[in-house]
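I open this notebook to record, entry by entry, what I looked up in the structure shown below.

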Amino acid sequence: MKIDKTSFVPLYLQIEQQLTERITAGEIKPGDPIPTEAALCEIYGVSRMTARKAVDYLVRQGRVERFRGRGTFVVRKTRISKVNLPLDRHLTASELAIEINQPIENRVLEFKRISADTDIAAALEVPVGTALHFMVRLRLLGQEPFVYEQCWLLADMFPDLTRKDLTTSKYAYLRSKGFEPVGSNKEISAELPSHQIRLALNLSRDEPVLHSRAVTEFTDGMKFEVSDVYYNQQHYSFSIRAEVKGKKRG
């Protein structure tokens, strides 16, 4: 196996293309390990960084998957397909589970009562120091980590919120209390996650995530929740409908 070091095609892409061809041809089968970064360095005579970029690219394409302490393996055909997420809708985990007809697990990593700092207080339009429920949840689909969520929720309105409520449906709990969430304003960006989020979502070192900061309101316009949601792009595709200004369907 050779690569052309005089080519305009980056070395890591040449390596990725050759590995892809071997996977497609069945030379490396689903569930098989691909060569380690050290082995790729020796095979192709490249740096560790170049080998890592080639493997990272395969991971982002969904062809292979890393397992900490075990290696990198070709994705099995039984792997869960990507979920399409419309960015112009506010979908809860329960609603998403219904749409894709698969159960979603909410794993609560942290749940405690805190005081609102300047940033969260401004987003909720409440005084600094206001009591909040702070929660961190990891959502899994078939044992695959899909979403990492941090959430700040007004606490005095919901003093009996429990960890159990968060493992089922937070919004079902809110509705049981007579409150109806109506929607949210979102700010969306692509960024590199923190070490903690990267480990939770089982991501490579330089793999970006889609980050959504949402401020959610009740029907009366009251802001009650701020959430930072980090989407594992290995498992999500994203869509949004764009209307032409001044044009109507019909």
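Leaving aside its neighbours within four places in sequence, which residues is V9 in contact with? In this predicted model, I found that V9 is in contact with Q14 and Q17 once those close neighbours are set aside. I placed V9 in the segment before helix 1, which covers residues 11–24. I then looked up its accessibility, and because the value is 33%, which falls between the 20% limit for buried and the 50% limit for exposed, V9 counts as partly exposed.

**Entry on helix 1**

I turned next to helix 1 itself, which has 14 residues and reaches 20 Å from its first C-alpha to its last, close to the 20 Å expected at 1.5 Å a residue. I noted that helix 1 is mostly covered, with ten of its 14 residues buried. The buried residues of helix 1 are Y12, L13, Q14, I15, E16, Q18, L19, T20, R22 and I23, and Q14, one of the two contacts I had listed for V9, is thus recorded among the buried ones. When I asked what covers these buried residues, I found that the cover includes helix 2 (37–44) and helix 3, together with strand 1 (64–67) and strand 2 (71–74). Just after helix 1, I also recorded that G26 takes a positive phi of about 85°.

**Entry on helix 1 against helix 3**

I describe two packed helices by the angle between their axes and the distance between the axes. For helix 1 and helix 3 (residues 48–61), I read an angle of about 50° and axes 8 Å apart. An angle of about 50° lies between the limit of 35 degrees for roughly parallel and the range from 65 to 115 for roughly perpendicular, and helix 1 and helix 3 are therefore oblique to each other. Their crossing is right-handed. On the side of helix 1 the contact is made by L11, Y12, L13, I15, E16, L19 and T20, and on the side of helix 3 by T50, K53, A54, Y57, L58 and Q61. Sorting the residues of this contact by class, I have eight nonpolar, three polar and two charged.

**Entry on helix 2 against helix 3**

I made the corresponding look-up for helix 2 and helix 3, which pack at an angle of about 115°, with their axes 9 Å apart. Helix 2 and helix 3 are therefore roughly perpendicular to each other, and helix 2 passes helix 3 in a right-handed crossing. The residues that make the contact are E37, A38, L40 and C41 of helix 2, with R48, A51, R52 and V55 of helix 3. By class, they divide into five nonpolar, no polar and three charged.

**Entry on A123**

I then moved along the chain to A123, which is found in helix 5 (residues 118–124). Not counting residues up to four places away in sequence, A123 touches V215, K223 and V226. For one of these partners, K223, I also looked up the separation: its C-alpha atom lies 8.1 Å from that of A123, although the two are 100 residues apart along the chain.

**Entry on the whole chain**

I closed with the totals for the protein chain, whose secondary structure comes to eight helices and ten strands. Of its 250 residues, 47% count as buried. Among contacts with a separation of 6 or more, I noted that residues 24 or more positions apart account for 59%.

Note on methods: Residues are numbered from 1 along each chain as its sequence is written. This is a predicted model: local features need pLDDT of at least 70, side-chain atom pairs count only at pLDDT 80 or more; totals for chains, interfaces and linings use all residues. Side-chain values use heavy atoms; hydrogens and water are left out. Helices (H or I, at least four residues) and strands (E, at least two) are DSSP runs, numbered from the N terminus. Buried means under 20% relative accessible area, exposed over 50%, partly exposed in between (1.4 Å probe, protein chains only). Contact means heavy atoms within 4.5 Å. Axes are lines fitted to C-alpha atoms, for helices over the stretch in contact, and angles run from 0 to 180 degrees between N-to-C directions. Angles under 35 degrees count as roughly parallel, over 145 as roughly antiparallel, 65 to 115 as roughly perpendicular and the rest as oblique. A crossing is left-handed if the near helix is turned anticlockwise from the far one by less than a right angle, and right-handed if clockwise. Ala, Val, Leu, Ile, Met, Phe, Trp, Tyr, Cys and Pro count as nonpolar, Asp, Glu, Lys and Arg as charged, and the others, Gly among them, as polar. The expected span of a helix is 1.5 Å times one less than its number of residues.
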